[in-house]
Amino acid sequence: MARINADGTADVQCGTSDMGPGTYTSMTQVAADALGMPMSRVRFALGDSRFPEAPSHSGSRTMASAGSAVLTTANMLRDRFIRTAVVDPASPLNGSRPEDISVSDGRMFHAGDPARGGKLPGSAAPARLGKP
């Protein structure tokens with residue numbers, strides 16, 4: 001599960017475990033990269049049976065299984081924000097093609113005109129995606 005919060009942070013959750021190999025760090029890195037956010041703005045939570053299920057933490061399977069799920073989920077969330085921004089009449093990205101939008105360092109912008117765009121929105125303001 002992944003969500004962007006109203007304060008501009010992201011929460012990513014998975015039922016995997018961490019027995020010391022750096023799962024918190026690696027999953028946070030994967031999510032931050034996919035969301036186009038700094039790692040300091042992403043919180044990864046694990047080890048709760050209420051979170052999406054993951055296979056056992058053995059045989060180096062965590063990155064291949066949970067890591068690919070984190071990547072897919074974060075990409076889907078980022079793409080949802082992009083699709084919303086390009087159709088919102090109040091967004092500076094309105095009318096752009098989704099493939100022309102980049103997300104980096106917590107900011108969504110038009111790749112051909114980086115000044116056109118703004119901070120990633122929190123969940124409280126989805127109607128104004130792309131606004132600073």
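**Close-up views of a predicted model**

**View 1. M108 in the middle strand of the sheet.** In this predicted model, M108 stands opposite G118 of strand 6. The residue of strand 4 that stands opposite M108 in strand 5 is V103. If you would like to follow the ladder by eye, strand 5 covers residues 107-110, and strand 6 covers 113-119.

**View 2. Three strands in an open sheet.** The strand order is 4-5-6, and the pairing is antiparallel. Four bridges join strand 4 to strand 5, and four bridges join strand 5 to strand 6. Which strands stand at the edges? They are strand 4 (101-104) and strand 6, each with a single partner strand, so one side of each lacks a neighbour in the sheet. From one strand to the next, the twist averages 30°.

**View 3. Two hairpins.** Strand 5 and strand 6 form a hairpin with two residues between them. Strand 4 and strand 5 also form a hairpin, again with two residues between the strands. Here D105 is worth a look for its backbone: D105 takes a positive phi near 55°.

**View 4. The two faces of strand 4.** Side chains alternate along this strand. Which of them are buried? I101 and V103 point to one face and are buried, whereas S102 and S104 point to the other face and are not. V103 is also the residue seen in View 1 opposite M108.

**View 5. A helix across the sheet.** Helix 2 (residues 61-87) lies across strand 4 and strand 5. Relative to strand 4, helix 2 runs at about 130°.

**View 6. Helix 1 against helix 2.** Two packed helices are described by the angle between their axes and the distance between those axes. For helix 1 (residues 23-35) and helix 2, the axes come within 8 Å and cross at roughly 30°. That makes helix 1 roughly parallel to helix 2, because angles under 35 degrees count as roughly parallel. The crossing of helix 1 past helix 2 is right-handed.

**View 7. Residues where the helices meet.** Helix 1 brings T23, S26, M27, V30, A31, A34 and L35 to the contact. On the helix 2 side you will find T62, M63, A66, G67, V70, L71, A74, N75, L77 and R78. How many residues of each class take part? The contact has 11 nonpolar, five polar and one charged residues.

Methods: Residues numbered from 1 in each chain as written. Predicted model: local features only at pLDDT ≥ 70, side-chain atom pairs only at ≥ 80, totals over all residues. Heavy atoms only, no water. Axes fitted to C-alpha atoms, helices over the stretch in contact; angles between N-to-C directions. Parallel < 35°, antiparallel > 145°, perpendicular 65-115°, else oblique. Left-handed = near helix turned anticlockwise from the far one by under 90°. Contact = heavy atoms within 4.5 Å. Nonpolar A, V, L, I, M, F, W, Y, C, P; charged D, E, K, R; others polar. Pairing = 2+ DSSP bridges. Buried < 20%, exposed > 50% of the residue type's maximum accessible area, 1.4 Å probe, protein only.
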